[in-house]
Amino acid sequence: MVNGVNECGTLKAYSANWVWLKLLCLTIIAALTFEHSALDVRISELFYLNGHWLLEKGAQPYAFIFYDGPKALLIVLAIYLLIVLIIRYKQPVDANLSLNTVKPHRLMIPLSAREICYLLTIIILVPTSIALLKGVTHVSCPNHLTLFGGELPYLNLWQNMVANTPAKCFPAAHASAGFSLYGLAFLPTLHKYCYRICAAVTVLGWTMGLYKMLFGDHFFSHTLVSMLLSLTIACALASVFFKRSTMH
């Protein structure tokens, strides 16, 4: 009976490690679905009225609140995690120091070095991967298209890649910075807050994505694919970083 329970637990852990592949398939399906429908255009038309977008690009204070601010905070978070990681690796050397000298360490987050490494990797890897992908897809932004007062024709993903258009708008890189925080949901220490974290990160990412949609920098699908791809990367790396812990 015990062996059966152990085998069941092992099978469940093994299955969980392949969730990222299902997410990747969902990402591809979402991209293709919007590519072969008019949903993207219809949604963007809601933000383009009488020849003008609802929001002017760079208009303040919106640019600071939804663009510069979040980017700065994420950079600060990455630097903070790096500093904490360095302190963690130095701790064994400082083990004999007095308690008074360890007081600054109270500012450190209660995560293991492995968890901090994972989170730091996700915060860097997700936006970087999506930025590199943008350079391959060559998909135009809505405000580049003749449909919305621009100069380029509306082409599907494959046509844009073949045409090698100068645009780089798919997937949404800015929103991916927010979606990179999905990594928090996969930390064993924060496991009981998984669903709350996912909900909060989804709201954050879509708020950042919607801001860009309001002045035609992205279609709806650009943010949707960015979200799913960010979740896929976070899940895939979690299965590597925390494989041993999930098997026990």
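This passage describes the cysteines, the surroundings of one serine and the second largest pocket in a predicted model.

A search of the whole predicted structure returns one disulfide, which is formed between cysteine 141 and cysteine 169 with a distance of 1.7 Å from S to S. The rotation about the S-S bond is -70 degrees, and the link between cysteine 141 and cysteine 169 is accordingly left-handed. The pair connects distant parts of the chain, for cysteine 141 lies in the loop between H5 and helix H6 (157–163), whereas cysteine 169 lies in the loop between H6 and H7, with 28 residues separating the two. Both partners, cysteine 141 and cysteine 169, are buried.

Other cysteines were examined with regard to the distance between their sulfur atoms. The sulfur of cysteine 198 has its closest cysteine sulfur in cysteine 194, at 4.4 Å, and because a disulfide is assigned to sulfur atoms within 2.5 Å, this separation is too far for a bond. Cysteine 198 has a relative accessible area of 21% and is therefore classed as partly exposed, given that the term buried is kept for values under 20%. Cysteine 235 likewise takes part in no disulfide, the nearest cysteine sulfur, again that of cysteine 194, being 9.8 Å away. With a relative accessible area of 6%, cysteine 235 is buried.

Serine 44 is located in helix H3, which spans residues 39–45. The relative accessibility of serine 44 is 1%, so this residue counts as buried. When neighbours within four places in sequence are set aside, the residues in contact with serine 44 are Trp53, Pro142, Phe148, His218 and Phe219.

The second largest pocket of the model has a volume of about 400 Å³. Its lining is made up of 18 residues, and those lying nearest the centre of the pocket are Lys71, Pro127, Ala173, His174 and Ala177. Three helices, namely helix H4 (62–90), helix H5 (113–137) and helix H7 (173–179), each contribute at least two residues to the lining of this second largest pocket. Considered by class, the lining of the second largest pocket comprises nine nonpolar residues, together with five polar and four charged ones. Helices H5 and H7 thus appear in both descriptions, as contributors to the lining of the second largest pocket and as elements bordering the loops that hold cysteine 141 and cysteine 169, respectively.

Technical notes. Residues numbered from 1 in each chain as written. Predicted model: local features only at pLDDT ≥ 70, side-chain atom pairs only at ≥ 80, totals over all residues. Heavy atoms only, no water. 1 Å grid on protein atoms, 1.4 Å probe; cavity = no way out; pocket = protein on both sides within 12 Å on 5 of 7 lines; lining within 4 Å. Points joined across faces, edges and corners; volume = space filled by probe spheres on them. Helix = DSSP H or I, 4+ residues; strand = E, 2+ residues; numbered from the N terminus. Nonpolar A, V, L, I, M, F, W, Y, C, P; charged D, E, K, R; others polar. Buried < 20%, exposed > 50% of the residue type's maximum accessible area, 1.4 Å probe, protein only. Contact = heavy atoms within 4.5 Å.
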